[in-house]
Amino acid sequence: MRSSNPVFSREGSFTRESGYAGFGTTQAPPAGSPYAGSPTGDNPYGNNPYANNPYGQQSRPGAPLTDQQLAEMYDAPSAGPAATGRMTLDDVVARTAMTLLTLVAAGGLAWFALPERNFGLAGVASLIAFVVGMVVSFKRSVSPPLILLYAGLQGFALGAITKMFNSIWEGIAIQAVLGTAAVFAAMLIAYKTGRIRVTARYTRIGIAIAMGFVLLMLVNMVASLVFGADMGLRNGPLGIVVGLVGIGLGAFFLSLDFAAVEEAIAQGAPQKESWRAAFGLTLSLVWIYVEMLRLIAILRGDD
């Protein structure tokens with residue numbers, strides 16, 4: 001299955017056909033060269049005999065290795081992904097923890113620094129976070145500072161919104177955090193045990209549902225803000241159904257994130273790509289948390 005990660009979808013990247021440092025390519029000898037007149041110029045160095053063998057090595061000139069040297073080379077540990085600058089699961093966990101800690105710290109700052117119903121700063125922070133998130137999503141190279149900036153802005157907005165919800169429904173913040181953690185743990189277990197398999201068909205169906213959901217939410221927002229019409233998508237029985245669908249979509253996004261991380265590690269992605277994985281996981285967790293807040297608020301009603 002072709003990866004959605006732009007690092008692996010670029011044509012000609014990390015392929016043997018592209019050669020490396022000039023190896024695997026044939027160059028015509030200059031005019032007057034004693035090797036002129038043949039494709040490789042009869043030059044034994046004009047074509048790399050190891051170009052099509054990923055494991056081939058040219059022997060070094062000089063004395064052969066002794067038995068002791070060969071034994072030491074055999075007993076030496078092989079270079080792991082960390083030693084070769086490749087992405088590992090530990091890298092993803094560490095970067096995700098840094099991103100989430102930044103988000104939580106900014107949320108705590110908003111919780112203690114802002115009044116209960118300050119929608120202005122929360123709205124501005126959320127809008128800027130959306131713009132930064134779009135830049136990170138479409139940027140070809142990974143930018144850790146932008147990812148941490150997104151986490152800080154999004155955390156600040158979520159802190160202000162959560163404080164407002166908590167002033168109406170006391171304890172809803174802890175309930176939403178625990179609910180989000182439960183969804184994450186359930187999806188991780190389901191993915192690791194093979195209960196959920198990310199296939200091309202699974203991805204197409206999920207993305208189609210997600211696009212329809214986002215479009216419906218946009219229509220509902222425009223109808224509410226512009227025309228003052230309430231479609232009932234965020235209250236009552238229909239609001240509960242919509243909330244459950246939203247949380248389900250967040251769980252679907254998590255499964256895509258898990259599959260992307262697994263594929264990137266298997267393909268030997270650069271270590272810096274762990275920041276992109278952390279960004280994707282953070283987006284999915286933020287989505288689930290917001291939908292969890294809304295669902296719990298509907299379920300608790302006016303209590």
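Helix axes are taken here as lines fitted to C-alpha atoms over the stretch in contact, and angles are given between N-to-C directions. In this predicted model, the axes of helix 3 (residues 89-113) and helix 9 (residues 273-300) come within 8 Å and cross at roughly 50°. Angles from 65 to 115 degrees count as roughly perpendicular and those under 35 degrees as roughly parallel, and helix 3 and helix 9 are therefore oblique to each other. The crossing in which helix 3 passes helix 9 is right-handed. On the side of helix 3, the contact is formed by Asp91, Val92, Arg95, Thr96, Met98, Thr99, Leu100 and Leu103, and on the side of helix 9 by Ser274, Trp275, Ala277, Ala278, Leu281, Thr282, Leu285 and Val286. Sorted by class, the residues of this contact comprise ten nonpolar, four polar and two charged ones.

Within this contact, Ser274 may be considered individually. Ser274 lies in helix 9 and is buried, with a relative accessible area of 0%. When residues up to four places away in sequence are not counted, Ser274 touches Met87, Asp91, Val92 and Arg95.

A second pair of helices was examined in the same terms. Helix 6 (172-192) and helix 8 (236-266) pack at an angle of about 50°, with their axes 10 Å apart, and helix 6 and helix 8 are therefore oblique to each other. Their crossing is right-handed. In this pair, Val183, Phe184, Met187, Leu188 and Tyr191 of helix 6 meet Ile247, Ala251, Leu254, Ser255, Phe258, Ala259 and Glu262 of helix 8. The classes represented in the contact of helix 6 with helix 8 are ten nonpolar residues, one polar residue and one charged residue.

In soluble globular proteins, nonpolar side chains tend to be buried together. In the present model, the largest nonpolar core has 42 residues, and those with the most contacts inside this core are Met87, Phe165, Ile172, Val183, Leu254 and Met292. At least two residues of the core are supplied by each of helix 3, helix 4 (119-138), helix 5 (144-168), helix 6, helix 8 and helix 9, and the largest share, 13 residues, comes from helix 9. Among the core residues with the most contacts are Val183 and Leu254, which also take part in the contact between helix 6 and helix 8, and Met87, which is touched by Ser274. Ile172, another of these core residues, touches Phe165, Asn166, Leu293, Ile296, Ala297 and Arg300, again not counting residues up to four places away in sequence.

Methods: Residues are numbered from 1 along each chain as its sequence is written. This is a predicted model: local features need pLDDT of at least 70, side-chain atom pairs count only at pLDDT 80 or more; totals for chains, interfaces and linings use all residues. Side-chain values use heavy atoms; hydrogens and water are left out. Axes are lines fitted to C-alpha atoms, for helices over the stretch in contact, and angles run from 0 to 180 degrees between N-to-C directions. Helices (H or I, at least four residues) and strands (E, at least two) are DSSP runs, numbered from the N terminus. Angles under 35 degrees count as roughly parallel, over 145 as roughly antiparallel, 65 to 115 as roughly perpendicular and the rest as oblique. A crossing is left-handed if the near helix is turned anticlockwise from the far one by less than a right angle, and right-handed if clockwise. Contact means heavy atoms within 4.5 Å. Ala, Val, Leu, Ile, Met, Phe, Trp, Tyr, Cys and Pro count as nonpolar, Asp, Glu, Lys and Arg as charged, and the others, Gly among them, as polar. A nonpolar core is a set of buried Ala, Val, Leu, Ile, Met, Phe, Trp, Tyr and Cys residues joined through side-chain atoms within 4.5 Å. Buried means under 20% relative accessible area, exposed over 50%, partly exposed in between (1.4 Å probe, protein chains only).
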